[in-house]
Amino acid sequence: MGGGSGTGLVTGSQKPRYQAFGSSEEWLASDETSDSTSLRFRILGALEAEADRRALDLGGRKQQSVLAALLLRAGEVVSDDRLIDEIWGDSPPESAAHSLEAYVSRLRQALAGHGVALEQRGGGYRVDLGAAVLDSKVFEALVDEAAQATAAGDNARASALAKDALDLWHGPVLSGVPLHSEGRAAADRLDELRLQALEIRVDADLVLGRRGELVAELQRLVDAHPYRERFVAQLMVALYRAGRQAEALELYERTRRTLDEDLGLQPSEELQHLAGQIVRQEIHLRAPPQAAEETELRRPIRTKTRNAPAIALAGALTVVAIAIALTLLTGGGTTGAGGPTRVALIRMWNPGVAGDDQGWGPFVEGLLAAEHTHELETDIIDLFPRRPLRGGYQSGSQEDVNRLSARLRAGDFDLVLWPLGLTGPPFFDVLPRFPHTRFVFLDYCCVRGSELHGAPNATALALRADKAAHLAGYLSGLMEARRPLRYGGRHMVSIIVGEPGFPQEAVWARGFSVGARRAFPGVRIRVDYSHEFDDKQVCETIANEQIDAGSGVVFAVAGDCGLGALSATAIRGVWGVAGDEDRSHLGPHILASATKRFDRLVELSVTWYLEGRLPAGGDVELGLSEDAVAIVGITPSVPDDIRRKLAREATRLREEEAAEKQGPS
C-alpha cells in the first residue's frame, strides 16, 4: 500500500516528541535562565549559536554556509560535493575541497566543549547535535503537537502550541546565508510548514470565536498567498461571522478569477461549498458560543478511539485543512432504530506500537471527518497487535480471525470499512457471520471475485488511480518535451511501481504510460518494479539506473521506498513525481504528486451508506469527478501554458468518466 508519513501515530501516553530537543517553554525562556549551559542553534532567521548567554563566533559567510547545510540535515551525512555546491553554487574554485576542510576545522574549534560533533563520514560530514537544541526541530515538533491537538478537538491547546511554534521565528530561514539547491529546498520546506502552522492556529482561533483580530491578519496572508485556498476559506468565514457577507463573497469571486486567469483552475470543491453556505446564510456558519463549541469538539469517540491515536503531522494537517467545513456541517447519522450509526475502520496493525504510519493516517482522518460530520459512534479495529513480519500483507491465523469476529460482535456495527484488501482470505470468512452489517472494501476489486464470492452485504469501492497517473504522465510528457538533449539522446520518462501482481499497483503504470504518450507521442517509457515498499535504498538505486539511461522524470509509487527515488531525483537534477500522497514539501524538484484520497473515500462510503446508495454485492469506481483521485502540489516553475493544457486534459478525463460512469444511483 502507499507509504506513510514516517512520523507515525502516537498515543496519548507517549511523551511529546519535542521534549527531546527541550520544550517550547525551555527554548523561549532560555534568555532568562541563568544556569542554562546547553548550546542552542537558531536557523529560523539569522544563523546563530548561543551557550551560557553568549553568542558563538561562527566565522564568515562561507563557513556559515557549511554549518547551515549540516544543520538543515542534522544527523545525516552531507557529501563533500553537496557542501561545495552549497558554498559556491555552480562556480566552485579548484581549491574548494581544501577550503571545505578548513571551514570544518574552524567550526569544530568554535563548537568545541559544547557536546556538538562534526564527524567525517564516507565522503561527507555529519553534525551530531548531542544535547544541543535546534530551533527548527523544536518548531516541527510543536507543529506536530498542534496538529494532534486539532485532531483531538482541543482547539485551545492547538492554538497555543501553534503560537509557540510561530514565536520561534525571527526572520526568513537562515537569512544572510546564501542557499543553493538542496539548502534552498530544505528552507522552502520549513517556510511551507510555517504557513501550515498559521493555518492550524487560525482554524483553532476561529472555532474559539476569536474572529475580530483575525480579519486583518488573514487579509495580509491572502494578499501574500493568493493561491492558498485555506487562507481564503478562513478569511471568508471570519468576514461572514463579522457581519461582512458581501465582502466574503467578493473574496471568493476574486479568488475564482485569479485561479482561472493565472492557473486555468477552478476553486476546490470545499471552497465552492463554503461560498454556497454563505449565500444561503446557513445557521451553522455562525460562530457558536465558545464553551458549547469546545464541548462538542471534545466529545469522545466510542471504545478504542476514546483513547485514539492522535493523527501525526503528515496526516493531521489534512484534517486541519478541512477543519472549518467539518465544524460547520451538521446532520447526524442514525440507524433505523434511531441510535447513532456505529462505524468501524479495520486497520492492519496499530502504528502507535510500531511507530510507523504506513499510509493508514488518511483512512483515520476520513473516519474522524465523517464522525464529526454525521455524529457517528466509531471504532478502529487492528487485525494484528503489531506490524507483521511480512509488512503490508499477512494471511492471518484462525485465532486472528476469531479475534476479529469477537470485536465485530462486541461492537454491533452497522458499517465496517475495510481498506485495500491486503489481508488474507481467512479474514473474509467473517462476512457471513454478520449478515446485517454492511462491509465496504476500500480501493479494492471485486466483490464478485474469488475472495468475497459476491457477498450480499459487501460493497467494493475502487479508486481510479489510473486517472491521477494519467495526469502525472501527461504533465511529465509535456515537461520532458521541453528538456534539451545531448547529441544522440532520446526523451524518456520512468516509473517505479511496487509489485507487478497487485491490481492497485498495475493501474499506476498503465495510466502514467497512456498520459505521457498522449502529451508526447515520441517519448520512451521505462517501467521498473521495486518488489519493496519500505527500503528507500532499493528505489534510490532503481531511480539512478533510470536517470543513467536518460530519464528526465521519475514517477515513484512504491510507498516509503519511493522516497529514495525522489531523493535521487533531487541529487541528479531531474524531475520527481510522487504517488499516493502530496510530497511537494520535499522540494522544488517534485514536479507534482498523483494522489489517492483515502480520506475522501472513507467520507463518501459513510455518506452513501447513510443515504442508501451503496450497491449491495456490487462494485463502484471513483475517480476525478468525485475528487477521490487528483494531481496536486504542482511545482510553481511549471509554465502557465502547460498548466492550461493540464487543466484541459483533466476536464476531458472528467467528461470521459461521466460518460462511462456507472456509480450508485
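Is D412 buried or exposed in this structure? D412 is exposed, as its relative accessible area is 55%, and the cut-off for exposed is over 50%. The legends below refer to a predicted model.

**Figure 1. Overall view of the protein chain in the predicted model.** The chain has 665 residues, of which 56% count as buried. Its secondary structure consists of 23 helices and 19 strands. When contacts between residues at least 6 apart in sequence are considered, 70% of them join residues at least 24 apart. The accessible surface of the chain comes to about 27500 Å², and carbon and sulfur atoms account for 48% of this area.

**Figure 2. Close-up of D412 in the loop between helix 17 and strand 10.** Helix 17 spans residues 398-411, and strand 10 spans residues 415-419. D412, which is not a glycine, has a positive phi, near 50°. With a relative accessible area of 55%, D412 is classed as exposed.

**Figure 3. Close-up of L174 in the loop between helix 6 and helix 7.** The loop that holds L174 has helix 6 (155-167) on one side and helix 7 (181-207) on the other. The phi of L174 is near 50°, a positive value in a residue other than glycine. L174 counts as buried because its relative accessibility is 1%, whereas buried requires a value under 20%.

**Figure 4. Paired close-ups of L174 and D412.** Each residue has a positive phi near 50°, as given for L174 and for D412. L174 is buried, at 1% relative accessibility, whereas D412 is exposed, at 55%. L174 is placed between two helices, 6 and 7, while D412 is placed between helix 17 and strand 10.

Definitions and conventions
Residues numbered from 1 in each chain as written. Predicted model: local features only at pLDDT ≥ 70, side-chain atom pairs only at ≥ 80, totals over all residues. Heavy atoms only, no water. Helix = DSSP H or I, 4+ residues; strand = E, 2+ residues; numbered from the N terminus. Buried < 20%, exposed > 50% of the residue type's maximum accessible area, 1.4 Å probe, protein only. Contact = heavy atoms within 4.5 Å. Areas by Shrake-Rupley, 256 points an atom, 1.4 Å probe, with all protein chains shown as cover.
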